[in-house]
Amino acid sequence: MKVFSLLLLLACPFLSPQAWGKRISASFEFQFEDKTLRGLIEKAEGQPSQALVIIVPGYGPTDFVEGQWFSQLRDHFVQIGLTVVLWDKMGCGKSEGEFDIQQPVESSAREALAAIEEIKRRKLEGYQKIGLWGISRAGWICPLIIREFPAAFWISASGTDDKENYGYLLRENLLIAGKTEGEAEQLYKAWLAGHKVQCTAGTYEEYLRAIKPLTEDSLCQQLFNYTPVKEITEAGKLAYQQEIQNYTRKGYFDEGSGLWVYIKDFDQLLQQIECPVLAVFGENDSQVDWRKTKRLYESSIAASQNAQLTTKVFEQCNHSMQKCISCAYGENLSALNWQACNNYYETITDWLGEYGIIR
C-alpha cells in the first residue's frame, strides 16, 4: 500500500516545466444517446501535449464554450503541457437534447465514456495518457468511469461521499448567514424529516408537515426558496410525485443516516481504483462535507493494495477551489478576482510531475 502525503511531495518539489504556448481551441463533438454533444479541444499552440485531461463538471447546467467556465484551470492545464477536452451537457450550450437536472450519475459516466471513445478514435494529442479532473458530483461519476476505463490519473476537487449533501449545504449556509448552532440544527432536522418522507414515498401532506419550519423561516425563504403552501392542490401533489420519481431514480435510502445513497457499495468501487488520485478540498466548503469524503477516501482508496492517494486541504477556500470571504454558496468573489486557492495550481503541477504525467 502506498499513500503519499502532500507534505512529503512538497519537501522535494517537482520543478515546474517551462510554460507552453497560449491556449488554442478546436471544436469537439461526439454522439451520446442519439444526440450530438459539443465542446472544445484545447492545447498549447505549436507544442505537443504530454497527456490529456477531461473536465467532468458538477451538478447543474453547463456553459463551458460560450461562458468560458473554468478558464483559469484550463489555461493552467495547457500551460503545463496537457490537452484539455470538455463539452456542454445535453441541452446546454450547443449540445443537442434536453437538459436533465436529475441525470443519473451512471448516465453521466456513460456520457464521458462515449467522449473517451471519440478521443481515442481521433487520436487526439495526449490520448495515450487520459486523466480526469472532476468537481463535486463528479466525485461519483469519475470512479464509475475508471471502473470501465483505465484512467492515467484522477484529480478529485471537492468530491462527495456516497450520500446526499443538500442538508449539509443548508445547515452550513444558515450558520454563515447568522443562525445559531441550535437554530441551524433544528432547521436541518426539518429538512432531514422532509427528505425521509420523499425518499420513502410518503404523501405530499406528510412532506409539508415535515418541512413547515423551513417554509416559515424567512432566511430559508430567502436562501433556499422555501415558501408556505396555503392550499393543497392536485397540481401540487402531481408535482411532488414527479419530484420523488426524478430524485429517486437511482440509489436507495439509508435508514442509518437518514440520507439517500447514490451509488451502492461506493467504498468498494473506490477500493478498485489503482491510478494516482489527488483529492483536493476547500477547508471552508459550505456545499459538501469534505471531512466525510476525506475519511472515505482514506479508508477505501488508501486501503487498496495498490493505493496511490494524495490529499490536500486548502485554507480559506470554498467548494469551487477559490479564495473566499464568507465562503457562502453563491458568494460574489469579484473583489478577489475569482482567484484559485493559494498553491492550488502549483499542487496540481507538482503532483502530475511526481507521477510522471508531465515532465
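This report looks at one residue, a pocket it helps to line, and a buried helix. Keep in mind that the model is predicted.

Let's start with Gln 103. You'll find Gln 103 in the loop that runs between β5 (82–87) and α4 (105–122). Its relative accessible area is 15%, and because buried means under 20%, Gln 103 counts as buried. What does Gln 103 touch? Setting aside neighbours within four places in sequence, its contacts are Phe 32, Ser 108, Glu 111, Arg 137 and Arg 249. With Ser 108 there is also a side-chain polar contact of 3.4 Å.

Next comes the second largest pocket, with a volume of about 150 Å³. Gln 103 is one of the residues lining this pocket, and so are Phe 32, Glu 111 and Arg 249. Others in the lining include Glu 33, Lys 89, Met 90 and Pro 104. Here is how the lining splits by class:

| Class of lining residue | Count |
|---|---|
| Nonpolar | 4 residues |
| Polar | 2 residues |
| Charged | 6 residues |

Now for helix α5, which covers residues 138–148. Why is α5 described as largely enclosed by the rest of the structure? Because 9 of its 11 residues are buried. Those buried residues are Ala 138, Gly 139, Trp 140, Ile 141, Cys 142, Pro 143, Leu 144, Ile 145 and Ile 146. They pack against three strands and three helices, namely β4 (51–56), β6 (130–135), β7 (154–157), α4, α12 (266–271) and α13 (290–300). So α4 turns up twice here: it borders the loop holding Gln 103, and the buried part of α5 packs against it.

How values were computed
Residues are numbered from 1 along each chain as its sequence is written. This is a predicted model: local features need pLDDT of at least 70, side-chain atom pairs count only at pLDDT 80 or more; totals for chains, interfaces and linings use all residues. Side-chain values use heavy atoms; hydrogens and water are left out. Helices (H or I, at least four residues) and strands (E, at least two) are DSSP runs, numbered from the N terminus. Buried means under 20% relative accessible area, exposed over 50%, partly exposed in between (1.4 Å probe, protein chains only). A polar contact is a pair of N or O atoms within 3.5 Å; within protein, one must be able to donate a hydrogen and the other to accept it, and residues adjacent in sequence count only if both atoms are side-chain atoms. Contact means heavy atoms within 4.5 Å. On a 1 Å grid over the protein atoms alone, a cavity is a set of points where a 1.4 Å probe fits but cannot get out, and a pocket is an open set with protein on both sides within 12 Å along at least five of seven lines; lining residues have an atom within 4 Å of a point. Grid points are joined across faces, edges and corners, and a volume is the space filled by probe spheres set on the points. Ala, Val, Leu, Ile, Met, Phe, Trp, Tyr, Cys and Pro count as nonpolar, Asp, Glu, Lys and Arg as charged, and the others, Gly among them, as polar.
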